[in-house]
Amino acid sequence: KLFDNMLVSSSADSKLRVWNINDRTGVLTPIATLKGHTGPVTKINMHDGLLYTLSTRDEVLRSWDLKVN
């Protein structure tokens, strides 16, 4: 499954970070940094391989395609 070992975090720096979680050790490894908001990301939702993000400061809803072949 696509998101079994994936974590997405957001912070006040307006960036989203995508992490892989190692099944055996639990160690997080960065996969990607997503940029596009000008304000802190306050909402994250994943559905069917798409990541939807919202910043209440810049009032922008963005979608990111996280599907991996």
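**View 1. The surface and overall make-up of the chain.** The accessible surface of the chain adds up to about 4800 Å², and carbon and sulfur atoms own 50% of that. Such areas come from the Shrake-Rupley method with a 1.4 Å probe, and for residues only the protein chains shown count as cover. This is a predicted model, where local features need pLDDT of at least 70, side-chain atom pairs count only at pLDDT 80 or more, and totals for chains, interfaces and linings use all residues. Residues are numbered from 1 along each chain as its sequence is written, and side-chain values use heavy atoms, with hydrogens and water left out. Measuring along its principal axes, the C-alpha trace spans about 40 × 25 × 15 Å. Of the 69 residues, 25% count as buried (under 20% relative accessible area; exposed is over 50%, partly exposed in between, with a 1.4 Å probe and protein chains only).

**View 2. Strands along the chain.** You'll find six strands and zero helices here, giving the pattern β-β-β-β-β-β along the sequence. Both kinds of element are DSSP runs numbered from the N terminus: helices are H or I with at least four residues, strands are E with at least two. Take the contacts with a separation of 6 or more: 25% of them join residues 24 or more positions apart. A contact means heavy atoms within 4.5 Å.

**View 3. The sheet of strands 1, 2 and 3.** Three strands make an open sheet in the order 1-2-3, with antiparallel pairing. Strand 1 and strand 3 sit at the edges with a single partner strand each, so one side of each has no neighbour in the sheet. Neighbouring strands in this sheet are turned by 25° against each other on average, direction ignored; the axes are lines fitted to C-alpha atoms, for helices over the stretch in contact, and angles run from 0 to 180 degrees between N-to-C directions. Two strands pair if DSSP finds at least two bridges between them. Strand 1 and strand 2 have five bridges, while strand 2 and strand 3 (residues 28–34) have six. Arg17 stands opposite Ser9 and also opposite Thr33 in strand 3. Further along, Asn20 has Thr29 of strand 3 as its bridge partner.

**View 4. The two hairpins and Ser14.** The hairpin of strand 1 and strand 2 has five residues between the strands, and Ser14 in the turn takes a positive phi of about 75°. In the hairpin of strand 2 and strand 3 there are six residues in between, and Gly26 has a positive phi near 80°. Back to Ser14: with a relative accessible area of 10%, Ser14 is buried. Leaving out residues up to four places away in sequence, Ser14 touches Leu34, His37, Thr38, Gly39, Pro40 and Val41.

**View 5. Leu16 and its surroundings.** Leu16 belongs to strand 2 (residues 16–21). At 0% relative accessibility, Leu16 counts as buried. Setting aside neighbours within four places in sequence, the residues in contact with Leu16 include Val8, Ala32, Leu34, Val41, Ile44, Leu51 and Trp64. Thr33 is another contact: 17 residues apart in sequence, Leu16 and Thr33 have C-alpha atoms 5.7 Å apart.

**View 6. Asp4, before the sheet.** Asp4 lies in the segment before strand 1. With a relative accessible area of 52%, Asp4 is exposed. Asp4 and Ile21 are 17 residues apart along the chain, and their C-alpha atoms are separated by 8.6 Å.
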